[in-house]
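Me: I would like a close look at one loop in this model. Please take its surroundings as far as the model allows, and keep it brisk.

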Amino acid sequence: MATLEIKVPDIGDFTDVSVIELLVKPGDTVQAEQSLLTVESDKASMEIPSSHAGVVRQLLVALGDKVRQGSSLLLLDVADEASAPVIPVAMASPQESGEKPAPALAGTALPATQTVATEAIEVRVPDIGDFKDVSVIEVMVKVGDTVRLEQSLITVESDKASMEIPSNAAGIITEVKVKLGDKINIGDLLAMLQGSKTPAVAATLLADQKAAPVSDQKPAPALASQALTAPSSVADQAPSVAVPTHQPGALTMGLPHASPSVRKFARELGVPLAEVKGSGLKGRIIDPDVQSFTRSVMSGALQTLAIAAQQAAKPAAAAGTAAVASTSAGLGLIPWPKVDFAKFGPIERKELSRIKKISAANLLRNAILIPAVTNHDDADITDLEAFRIATNQENDKGGIKVTMLAFLIKACVAALKKFPDFNSSLDAESDNSALIYKQYYHIGFAADTPNGLMVPVIKDANKKGIFQISLEMGELAKKAREGKLSPTEMTGACFTISSLGGIGGRYFTPIINAPEVAILGVCKSTIQPVWDGKAFQPRLLLPLSLTWDHRVIDGAAAARFNVYLGQILGDLRRILL
Ligand code: CAO
């Protein structure tokens, strides 16, 4: 075991870039090329990969630190034989680049025509820490694929994180023992492969596979035929391969090269990574690549919708429209205007924050793909606000401030219980042909942060009181503003509330946070004259804007939901009924 100091590699023109995301922590097992952290300059963000596989001993940077090429990032415990530099995926061959071959491989390259023994190897789930019964969400290899040592075979996901499981050997996959949706644990058999666990042999085997496409369905022909004709001089008559000496060359792996977080992001958007062009280091696919892919698909979808609308409106001209469309990149919309704003006055260009870029892709998808309708209503919160103020005056529970949003969360839980369709999601696995009803009540709330909009989630809001919800909300909102929310704290919501009440405004049309089916927008309460049958009374009215997915919810149900919500907020005792 050796401890290596992992440093920032050559990152081009980036100097003194800020660390905006730490993707690993002490104790984590990382693979070579796995992203360790994300840095952001005023121009772009990029993930910094590990040059080695190993276990993180200590982080040497914190969020907000500035780093540049050569800055120390972390200490990594690596196996002795792994402490030599790793050959990066898809690197240029040493001959082409003029570099020396990586020492470990150069020093152990086998002589020409040496026979190398391969064996049938079981690839099992290694120690993956606290993860139990995690779901297989991606199988990255198939029978016949050639894999290298430490290459990711599958991705698993728990409710906390996703992780890629690497191969403990190099060779050709002969059997894949898991499929999508399987639950796996440490020690489970993942795959069988014909190959070697010895790094030197493994590397040499792989070096010889340059000509064999790794994603080929059949076993790589060269290897297969050599296995048949090779002298059976190896114990157990194991197939053996005559391996001519090769410098390690460009290993063109058939898999898209992306970190688990990027894979997860792509899956959420339904983006096929294989079709995305990576702009990161060594062609690595990074978040902005997924976003721009989504944008291009979405603009295509919009343009197709526009064509459909044109054709519906002008049936006679439809053929002509389609013909024009097909000549302009197959689509009918005029392009987004490109304006040289500087012609009209001084300007300044500022890159969008990473969060803004991510939410942009999500918002665009949700705005386009959900047939959303918004109902506006008012709730009379005169008594509730008086009760809230009185409670805050009495409150001796460590200075917890009871907020209107905490009452709204409780009221929404009651409404979700009464109208379960609002607590459902379309089953994307079956092409939206079923609804999944959730029996838990996790409520997201939009928080405005310097970096953009974030949605922390109050878990099990049905089991919590107003004080606890107020306290948690305060903590989560603070974390959101400081950029310290963990993925767990931002996932799993059934329904979201977006409150602009502290700021102002009357009504707005919030965008549903897919795969949720509704969202409640709340604006500033104002005193309004309300007719009580005899006279106008000054009442405090809270404007509510409920946006709902018309595929799941009907207008009448939405109106009832809002009315019920108003009744609860008008008299919280109704929750007890
Ligand atoms: N009507 C009138 N006043 C309200 C109100 C309402 N509906 N809701 C809150 N207020 C008042 C509170 O009484 C409080 O006033 P005081 O400081 O005088 O007590 C003030 O506004 C701040 O309220 P709060 O501390 O209770 O905070 P909050 O619960 O309203 O908001 C949070 C917390 C995190 C939701 C908020 O800070 C925030 O980020 N809101 C923006 C959300 C957003 O951006 N939504 C848009 C998403 S779509 O782009």
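Where is P515 found?

Reply: A word on the source first: this is a predicted model.

P515 is found in the loop that links β26 (495-499) to β27 (518-522). The peptide bond leading into P515 from A514 is cis. Its omega is near 10°.

Another loop also has a backbone point to check. D133 is found between β10 (119-124) and β11 (134-139). Phi of D133 is positive, near 50°. D133 is a residue other than glycine.

Now the ligand. It is surrounded by 18 residues. The closest are D448, S498, G502, C523 and S525. Three pairs of atoms can be followed by eye. At D448, a polar backbone atom is 2.7 Å from an oxygen atom of the ligand. At S525, a backbone N or O atom lies 2.8 Å from a nitrogen atom of the ligand. At S499, a polar backbone atom is 3.2 Å from a nitrogen atom of the ligand. In each of these pairs the protein partner is a backbone atom.

Next, the helices. Take α10 (residues 404-418) with α12 (residues 555-570). Their axes are 9 Å apart, and the packing angle is about 135°. An angle over 145° would count as roughly antiparallel. α10 and α12 are therefore oblique to each other. Their crossing is right-handed. On the α10 side, the contact is made by F407, L408, A411, C412, A414, A415, L416 and K418. On the α12 side, F561, Y564, L565, I568 and L569 take part. By class, this contact of α10 with α12 has 12 nonpolar residues, no polar ones and one charged residue.

α10 also meets α11 (residues 466-482). The axes of α10 and α11 come within 9 Å and cross at roughly 120°. That makes α10 oblique to α11. This crossing, too, is right-handed. From α10, the contact draws on L405, A406, F407, I409 and K410. From α11, it draws on I466, I469, S470 and M473. These residues divide into seven nonpolar, one polar and one charged.

F407 deserves a second look. It is part of the contact of α10 with α12. It is also part of the contact of α10 with α11.

Back to the start: P515 sits in the loop between β26 and β27, and the bond from A514 to P515 is cis.

Note on methods:
Residues are numbered from 1 along each chain as its sequence is written. This is a predicted model: local features need pLDDT of at least 70, side-chain atom pairs count only at pLDDT 80 or more; totals for chains, interfaces and linings use all residues. Side-chain values use heavy atoms; hydrogens and water are left out. Axes are lines fitted to C-alpha atoms, for helices over the stretch in contact, and angles run from 0 to 180 degrees between N-to-C directions. Helices (H or I, at least four residues) and strands (E, at least two) are DSSP runs, numbered from the N terminus. Angles under 35 degrees count as roughly parallel, over 145 as roughly antiparallel, 65 to 115 as roughly perpendicular and the rest as oblique. A crossing is left-handed if the near helix is turned anticlockwise from the far one by less than a right angle, and right-handed if clockwise. Contact means heavy atoms within 4.5 Å. Ala, Val, Leu, Ile, Met, Phe, Trp, Tyr, Cys and Pro count as nonpolar, Asp, Glu, Lys and Arg as charged, and the others, Gly among them, as polar. A residue is near a molecule or strand if one of its heavy atoms lies within 4 Å of it. A polar contact is a pair of N or O atoms within 3.5 Å; within protein, one must be able to donate a hydrogen and the other to accept it, and residues adjacent in sequence count only if both atoms are side-chain atoms.
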